Amino acid sequence: TMPVEIERKFLVKKDRLPVLTGGTEFSQGYISTLPTVRVRIAGDKGFLTIKGQAVNLVRDEFEYAIPVEDARRMMETLCRKPLIRKIRYEIENAGKTWELDVFSGENAGLIVAELEI
C-alpha cells in the first residue's frame, strides 16, 4: 500500500502547557512547496520527505533517511530561508501520541500540537 498520512494540527497557548522535558531538536527547510519537498535534521539524523497535495485530509507521504551531512548541505544550498527551528516533544494522552512543536528563531512563540490518525 502507498504511504499516506492523515493529520490534524492545533495552535497551543503556552500558559496551558505542562513543564516540557526530553524534546528533540529539529532543523528543517523546504526545497519545494508543491509538491512539498522537505529536508530535516532531527537530533543527529537526516531525512528527505516528499508530500503530495491533501485531498479530504489525506495525502501521500514518502520519507527517506539520508546522511546528516547531506541534509546539512541541502539546507545550506537548496532550501528557502529562513530555516525552521523547533523542539519536538511527544506527549501521550488517551492512547494517542501527540507531537508538540515549540518553535524558535523566526517563528519563536509559535507552539503547534499535531495528531496523526
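pLDDT is the predictor's confidence in each residue, from 0 to 100. This is a predicted model, in which local features need pLDDT of at least 70 and side-chain atom pairs count only at pLDDT 80 or more, while totals for chains, interfaces and linings use all residues. Residues are numbered from 1 along each chain as its sequence is written, and side-chain values use heavy atoms, with hydrogens and water left out.

The mean pLDDT of the protein is 91, and 96% of the residues score at least 70. Among its elements (DSSP runs numbered from the N terminus, with helices being H or I of at least four residues and strands E of at least two), helix 1, residues 68-77, has the highest mean pLDDT at 98, and strand 1 the lowest at 77.

Pockets were sought on a 1 Å grid over the protein atoms alone; a pocket is an open set of points where a 1.4 Å probe fits, with protein on both sides within 12 Å along at least five of seven lines, and its lining residues have an atom within 4 Å of a point. The largest pocket has a volume (the space filled by probe spheres set on the points, which are joined across faces, edges and corners) of about 410 Å³. Its lining comprises 25 residues, with Lys9, Arg38, Arg40, Lys86 and Arg88 nearest the centre. Strand 3 contributes the most to this lining, four residues. By class, 15 lining residues are charged (Asp, Glu, Lys and Arg), seven nonpolar (Ala, Val, Leu, Ile, Met, Phe, Trp, Tyr, Cys and Pro) and three polar (the others, Gly among them).

The second largest pocket holds about 200 Å³. Its lining has eight nonpolar residues, one polar and no charged, and includes Leu11, Trp98 and Ala113. Strand 6 and strand 7 each supply at least two of its lining residues.
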